[in-house]
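Thanks for coming, everyone. I'll take you through one structure today. Please have a look at it first.

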Amino acid sequence: MALARVQDLTYRYPHSASPAVEGISLELRAGELVCLLGPSGSGKSTLLRALAGLVPHFHGGQFAGRVEVDGVDTRRARPSELAGTVATVFQDPEDQVVFTGVEHEVAFGLENVGVPPDEIHGRALEALEALGAGHLAGRRTDELSAGELQRVCVASALALRPRLLLLDEPTSQLDAEAAEGLLDLLTRLGCAAVISEQRPALPLGRCDRVLFMDGGRLLLDADRADGVSWLADKRTAYLAHEPLIEEGEPDGEVLCSVAGAAYAYGSRRVAVPDLEIRRGEVVSLIGGNGSGKTTLAKLAAGLLEPTEGTVFRHGRASYLSQDPGRYLVAERVDEEVALGVAGDLRRARRALALADLAGFDGRHPRDLSSGERERLGLAAVLVTEPDLLVLDEPTRGVDPDRKLELAALLRAQAAERGTLVVTHDLVFAADVADRVLSSTSTRDPVHA
């Protein structure tokens, strides 16, 4: 018997000209791990929201068809009534967190579904430990790295022990070890899990089924073997491949160097590796969650001044943050990009075309998908024509085909500048960079 059933689902968001999903039918069985793939804006997140009951109850819009979870029609049961049966981890962990304390955050869902008080502490710690995040229990959520925060959000969902777990890009900010650990954990949980991913190698190696969406429609519903064969024939970018370039020796002028540097966040000291970037090269920075990658990126871009060591910078630097959607201020896409060039809409539209957003000029930035907002952020920094370009997780929410296009774009423009790319996507790191640098620094108390 199916745990969840979707029958001819068609849904249109309020004020949208076209359906986000159209004619979707599928069944989910208890205990199976399903890998959900597709380009940015293809309807994956909308399908997950429909299974959680957020569509239509939270988002409104026009809903046709039927979605049942554990025999309950989601049109008649609100999301709060499905809580405990269904648990969801959203694309942006920053928007999911409620409390300032990690343990309180994980315990919050348990309190809401009526878990006996004497069980809550143990279940919260158990979920954190399962994700290798037990050491974070006493930390503040606003002091965590993006990857650490993502693990806390996944732990909050796992603590509920749901029958259906919906994960919208849960490894987008996890380092390789943490991502592999999460996928291994999902294979042992025993609940049904649907994982939407733009880093597909790990889920493809472990899933029972593969779904592929494009243009709001379900193009593929197959077991793993047939799904991988279909991808190899139709969508090769979703499978592993050899790096696009070989490492080279940089010979341009030095645009940035970081030596012996550290930065103190209150009482917490973050040491970072030494770095040198020359004009004409692309450097990828990889490393574990909380190892100081974003700190190094901000030091390189001039957003932070080191409390120890030295940072040299030549020319103008531009920085793309991990979640550019949080910093959108304009009402139109072209106006958002033009902010960096004194309102020059012509230059803004050229940058949009480079980011494959031509024709999006008049759209509202917050109506874009997560991947489209990431490309909008890229256009907003490219338009400034910097000497040093610093990109912090630029492939978050970006589908594999777009990643290849982004790597090709950065390589084509490499001679114009020095580029630092912070990423957990090891495939993209190899595709785009002349050199790959690993951050292995640790956070230590500040000593007087």
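**Cysteines, sheet, helices, rings**

Start with C35: this residue is buried, and its relative accessible area is 0%. Keep in mind that the model is predicted.

C256 is another buried cysteine, again with a relative accessible area of 0%. How many disulfides does a search of the whole structure find? The search comes back with 0. Back to C35, which takes part in no disulfide. Its nearest cysteine sulfur belongs to C207 and lies 5.0 Å away. The cut-off for a disulfide is 2.5 Å between the sulfur atoms, so 5.0 Å does not qualify.

Now the sheet. It is open, it has 6 strands, and the pairing is mixed. Read across, the order is β6-β7-β8-β3-β9-β10. Which strands sit at the edges? They are β6, residues 86-89, and β10, residues 217-223. Each of those two pairs on one side only. On average, neighbouring strands are turned by 15 degrees against each other, ignoring direction.

Let's zoom in on one end of that order. Strand β9 covers residues 209-214, and 6 bridges join it to β10. The two strands run antiparallel. Two positions help you find the register. D214 has R217 of β10 as its bridge partner. L211 stands opposite D221, also in β10. The hairpin of β9 and β10 has 2 residues between the strands. There, G215 takes a positive phi near 60 degrees.

Next, what packs on the sheet? Take helix α9, residues 224-234. Helix α9 touches β3, β9 and β10. Its direction makes about 130 degrees with that of β10.

Then there is α1. This helix lies across β3, β6, β7, β8 and β9. For your notes, β3 is 33-37, β7 is 164-168 and β8 is 192-196. Against β7, α1 runs at about 155 degrees.

Is helix α1 mostly covered or mostly open? Mostly covered: of its 9 residues, 44-52, 8 are buried. The buried set is K44, S45, T46, L47, L48, A50, L51 and A52. Note that K44 is in that set. Just past the helix comes G53, with a positive phi of about 85 degrees.

Last topic: aromatic rings. The model has 5 aromatic pairs. Why is the pair of Y11 and Y13 called edge-to-face? Their planes stand at 80 degrees, with the ring centres 4.8 Å apart, so the pair is edge-to-face. The cut-off for that class is over 60 degrees. Y11 itself is buried, at 0% relative accessible area.

A second edge-to-face pair is Y263 with Y265. Its centres are 4.8 Å apart and its planes make 75 degrees. Are both of these tyrosines covered? Take them one by one. Y263 is buried, with a relative accessible area of 18%. The limit for buried is under 20%, so 18% falls inside it. Y265 counts as partly exposed, at 36% relative accessibility.

One more group of rings to look up: F212, W230 and Y238 make up one aromatic cluster. Recall that F212 falls within β9, residues 209-214. W230 falls within α9, residues 224-234.

That's the tour. Questions are welcome.

Notes
Residues are numbered from 1 along each chain as its sequence is written. This is a predicted model: local features need pLDDT of at least 70, side-chain atom pairs count only at pLDDT 80 or more; totals for chains, interfaces and linings use all residues. Side-chain values use heavy atoms; hydrogens and water are left out. Buried means under 20% relative accessible area, exposed over 50%, partly exposed in between (1.4 Å probe, protein chains only). Helices (H or I, at least four residues) and strands (E, at least two) are DSSP runs, numbered from the N terminus. Rings of Phe, Tyr and Trp (its six-membered ring) pair if their centres lie within 6.5 Å; planes under 30 degrees apart count as stacked, over 60 as edge-to-face and the rest as tilted. Two strands pair if DSSP finds at least two bridges between them. Axes are lines fitted to C-alpha atoms, for helices over the stretch in contact, and angles run from 0 to 180 degrees between N-to-C directions. Contact means heavy atoms within 4.5 Å.
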